[in-house]
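This report describes selected strands, helices, pockets and cavities. Please keep the sequence and the 3D view open while reading.

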Amino acid sequence: MREYLATERLNPTKRLVVERTKDFGEIYEVFDRDDASTQSERCIQCGDPFCLNKCPLHNYIPQWLKSIAQKDLEFAFKLSNEPSPFPEVMGRVCPHDKLCEGDCTLNDGHGAITIGSIETHITEEGFKAGYKPEFPGIITNKSVAVIGSGPAGLSVATYLLRSGIAVTMYERSDRAGGLLTYGIPNFKLDKKIVERRVKLLKEAGLKLVLNCEVGRDIAFEELANSHDAMFIGVGATKAKSASLVGEKSKTVYDAMEYLTAMQRKNFKLEYDKKFDFKDLNIVVIGGGDTAMDCLRTAKREEAKSVNCLYRRDAHNMPGSKKEYKNAMEEGVDFTFFVSPKEIILDENSNVIAVEVIKTTLGAKDESGRQRMEELKGSETRIQADIVIMSLGFNPEVPAFLAENGIETNSWGGVIINEDTHETTTSGIYAGGDCYRGADLVVTAAYDGREAARSIAKSLLK
């Protein structure tokens, strides 16, 4: 260990831009055993590991780095899969630069350890070697209904099944995975990775009910009466509005409806052909990871131009710096320091431009972030055929929440006891984006894990 003076940080190999923009295959190659071991040897085994503390799941990062450095894949696999329901997903989609790698001690001049890539290596190589997470089978007479099969739902199911508790999961879509399946493009997360985890859970005893929307296809009360507890993980898919003139145009779309349509196309399923943007000028408003996903998808769909509008600069963008860099490499244009004021339409209500005003950063606010100020008289127009709004998401609020005494806050988030993840109705738990608002996969996984522990404690006492 502690080879950081002799060995530099190594990023995973990326496919060449000219190749990767022709398809939706993952752009990063998985570390081989030698690279994973060499990079792991750079860990200095901190007494107070900042990487572990910054990870919402508190993954055993120093421990599995040491195991990989010593070429003990089996132990690393067990360590990695213990606190995390799907580490091979986290290794691909987590914003490591803001979490574990961002707090790595070696960031101070030596370059952080490539934690995310090693995390992916461990599980991928572990599966190849025949290792699997351990489940005892259904060994109790208790059962839990899980509404939603996104990151929070898959996580709570994982840890309930590890406790021997039966789980029936209800998903309104035709495939399990939620955001992991229909919200994150294949070039970041191949869907076979998600399908493999779902298959493992089904082998462990999960009953998965697809194309079933609770409150429409099956009554919430029916689930409550047939299970010992329930978990709500319906996510946050209601797009936030910018309240711009022209926003209701037929050629203005929400980010998630676009990404979902394109994933259906990749699955070779029926999709709305209005989302075929070949030879069109695309403008995406927003600066997070979902905006990057839309931009990079449009490039692969052979749009004529793809432009991201953001009212601050690249440094202040909320998404992962890695995703911004990938978008830049793939030919996406970025227009910083502009704030959209109106979407300009033609006589048929089709988008022809976005009117923006230039901005600058002023004095810092109470949080320490510089305020955005508009520059009067600086209005200009940016040509566009299609506008994609990517300004974040709020939870949808199903009618069955209020009908069953489950309280929500002012923006629709489910109110829970943060110690137990129990809602205001006894025996019903919640977590993920329906509680936090649009957040990270890893925080949804954390919520599912902690809720499962509370449910198991309550049911098995």
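## Strand S8 and its neighbours

In this predicted model, strand S8 covers residues 305-310 and is mostly covered, with five of its six residues buried. S8 pairs with strand S7, residues 281-285, in the parallel sense, and five bridges join the two. Across this pairing, Val283 stands opposite Asn307 of S8. Helix H13, residues 289-300, belongs with these two strands: S7, H13 and S8 make a right-handed β-α-β unit.

S8 also pairs with strand S9, residues 333-336, again in the parallel sense, over four bridges. One residue pair to locate here is Cys308 and Phe334, where Phe334 is the bridge partner in S9. To get from S8 to S9 the chain passes through helix H14, and this β-α-β crossover is right-handed.

## Gly319 in the loop before H14

Where is Gly319 placed along the chain? Gly319 lies in the loop that runs between S8 and H14. With a relative accessible area of 8%, Gly319 falls under the 20% limit, so Gly319 counts as buried.

Ala291 is 28 residues away from Gly319 along the chain, and the C-alpha atoms of the two residues are separated by 8.6 Å. Ala291 can be found in the stretch 289-300, which is helix H13 of the β-α-β unit with S7 and S8.

## Strand S2 and its neighbours

Strand S2, residues 166-170, is mostly covered as well, since four of its five residues are buried. S2 pairs with strand S1, residues 143-147, in the parallel sense over five bridges. In this pairing, Ser143 has Ala166 of S2 as its bridge partner. The chain goes from S1 through helix H8, residues 151-162, to S2, and this β-α-β crossover is right-handed.

Strand S3, residues 207-209, pairs with S2 too, in the parallel sense and over three bridges. Here Thr168 stands opposite Lys207 of S3.

## The second largest pocket

How much volume does the second largest pocket have? The value is about 640 Å³. There are 31 residues in the lining, and those closest to the centre of the pocket are Arg9, Asn11, Pro12, Tyr28 and Lys322. Three elements give two or more residues to the lining: helix H6 (87-93), helix H7 (115-128) and helix H14 (321-329). H14 makes the largest share, with five residues.

By class, the lining of this pocket holds twelve charged, eleven polar and eight nonpolar residues. H14 thus has two places in this account: H14 contributes to the pocket lining, and H14 is also the helix through which the chain crosses from S8 to S9.

## Helix H7

Is H7 enclosed or open to the outside? Of the 14 residues of H7, 13 are buried, so the helix is largely enclosed by the rest of the structure.

The length of H7 can be checked with simple arithmetic. The expected span is 1.5 Å times one less than the number of residues. For the 14 residues of H7 this should give 20 Å, and the C-alpha atoms at the two ends are 20 Å apart, which agrees. H7 is followed by Gly130, whose phi is positive, near 95 degrees.

## Cavities

How many cavities of 30 Å³ or more are there? The count comes to six. The largest cavity contains about 110 Å³ of space. Its lining has 15 residues, and those nearest the centre are Cys43, Cys46, Cys51, Cys104 and Thr105. Helix H3 (50-54) and helix H4 (61-69) each supply at least two residues of this lining. Divided by class, the lining of the largest cavity has twelve nonpolar, two polar and one charged residues.

The second largest cavity has a volume of about 90 Å³. The residues that line this cavity include Cys55, Pro56, Asn59, Ile61, Met90 and Cys94, and also His96, Leu99, Cys100, Glu119 and Val442. Eight residues of this lining are nonpolar, two are polar and one is charged.

Key:
Residues are numbered from 1 along each chain as its sequence is written. This is a predicted model: local features need pLDDT of at least 70, side-chain atom pairs count only at pLDDT 80 or more; totals for chains, interfaces and linings use all residues. Side-chain values use heavy atoms; hydrogens and water are left out. On a 1 Å grid over the protein atoms alone, a cavity is a set of points where a 1.4 Å probe fits but cannot get out, and a pocket is an open set with protein on both sides within 12 Å along at least five of seven lines; lining residues have an atom within 4 Å of a point. Grid points are joined across faces, edges and corners, and a volume is the space filled by probe spheres set on the points. Ala, Val, Leu, Ile, Met, Phe, Trp, Tyr, Cys and Pro count as nonpolar, Asp, Glu, Lys and Arg as charged, and the others, Gly among them, as polar. Buried means under 20% relative accessible area, exposed over 50%, partly exposed in between (1.4 Å probe, protein chains only). Two strands pair if DSSP finds at least two bridges between them. A crossover is right-handed if, with the strands pointing away from the viewer, the path from the first strand over the helix to the second runs clockwise.
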